[in-house]
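Grab a pencil and open the viewer. Here are three short exercises to work through, each with a solution you can check step by step.

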Amino acid sequence: MIKAMFEHLKGRSPHYIDEEKMKQSAVMIALVEKDGAYEVLFEVRSGKLKHQPGEICLPGGVREPGETAQENAVRETAEELLVSPSQIEVIAQLDSLLNIANIKIDVFLCKLHNYSMTFSKEEVEEVFTVPLEFFYQTKPEVYRNQVKTIPPEDFPFDKIPGGKEYPWRNAYRDIYFYYYKDKVIWGMTAYILQYSVSLLLNEERQCPDR
């Protein structure tokens with residue numbers, strides 16, 4: 001009887017605890033071929049947007065109900081860059097990021113074919129590219145950001161050891177900065193880039209004949 005109780009757990013794929021409460025989103029590292037080499041496409045967010053106006057980001061956005069992560073990434077990229085999904089050749093899904101705002105960001109790598117630097121002016125101020133080689137050769141500046149736990153005023157301190165003197169652990173998050181010409185690529189975008197580039201480099205080292 002006890003063994004049968006747990007039979008449904010066999011072969012189960014693990015998920016994040018409270019994943020259903022997370023906001024789901026996806027971004028695309030879109031590669032554009034220029035002069036026989038790849039460049040990474042970036043957007044400058046429109047100044048009319050409510051969140052993070054004027055910041056540099058990768059194509060992407062919030063998931064719609066019923067979408068897979070890849071469908072999310074492809075749709076947002078197509079909408080923001082005014083391209084057809086057929087122009088987006090998804091190479092692979094890379095690793096995901098769970099940020100401090102409890103947003104799960106799935107990251108994809110693609111080749112963008114026949115792209116003429118178009119974009120939706122509703123969401124994007126401008127687009128630009130940076131040679132992929134730049135990220136291979138350039139180490140970002142790193143700043144360590146401290147994230148503190150600040151309980152609300154009605155927190156039941158009397159129920160926990162130490163009360164108001166409880167030794168909360170502080171969390172730390174590295175903030176990355178890349179500088180390319182007059183562009184500053186920083187925050188989550190730089191964080192995703194530095195990790196994903198290291199992943200690509202590791203893959204290349206494992207497959208030297210590629």
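A cavity is a set of grid points where a 1.4 Å probe fits but cannot get out, while a pocket is an open set of points. A volume is the space filled by probe spheres set on the points. Keep in mind that this is a predicted model.

**Exercise 1. The cavity**

Find out how many cavities of 30 Å³ or more the structure holds, and describe the lining of the largest cavity by class.

Solution.
- Step 1: Start with the count. The structure holds 1 cavity of 30 Å³ or more.
- Step 2: Get its volume. The largest cavity comes to about 40 Å³.
- Step 3: List the residues around it. You should find Ile 29, Leu 31, Leu 94, Leu 109, Leu 132, Leu 193, Ser 196, Val 197 and Leu 200.
- Step 4: Sort them. That lining has 8 nonpolar residues, 1 polar residue and no charged ones. Ser counts as polar, because it is not among the residues listed as nonpolar or charged.
- Step 5: Match residues to elements. Both β1 (23-34) and α4 put at least two residues into the lining of the largest cavity, and α4 gives the most, with 4 residues.

**Exercise 2. The pocket**

Now try the largest pocket: what is its volume, and which helix supplies the largest share of its lining?

Solution.
- Step 1: The space in the largest pocket is about 1,100 Å³.
- Step 2: Its lining is made of 36 residues, and Gln 52, Asn 99, Ile 103, Ile 105 and Met 188 lie nearest the centre.
- Step 3: Split the lining by class, and you get 18 nonpolar, 9 polar and 9 charged residues.
- Step 4: Look for the top contributor. Helix α4 (residues 187-206) provides the largest share of the pocket lining, 5 residues.

**Exercise 3. Who pairs with β2?**

Work out which strands pair with β2, beginning with β1, then β8 and β3.

Solution.
- Step 1: β1 and β2 (residues 37-45) run antiparallel, joined by 4 bridges. For an example, look at Glu 33, whose bridge partner in β2 is Tyr 38.
- Step 2: Check the turn. The hairpin of β1 and β2 has 2 residues between the strands, and Asp 35 takes a positive phi near 50° there.
- Step 3: Move on to β8 (residues 124-131), which pairs with β2 in the antiparallel sense over 7 bridges. Here Val 44 has Glu 126 as its bridge partner.
- Step 4: Finish with β3 (residues 56-57). Its pairing with β2 is antiparallel too, over 2 bridges, and Glu 43 has Cys 57 as its bridge partner in β3.

Conventions: Residues numbered from 1 in each chain as written. Predicted model: local features only at pLDDT ≥ 70, side-chain atom pairs only at ≥ 80, totals over all residues. Heavy atoms only, no water. 1 Å grid on protein atoms, 1.4 Å probe; cavity = no way out; pocket = protein on both sides within 12 Å on 5 of 7 lines; lining within 4 Å. Pairing = 2+ DSSP bridges.
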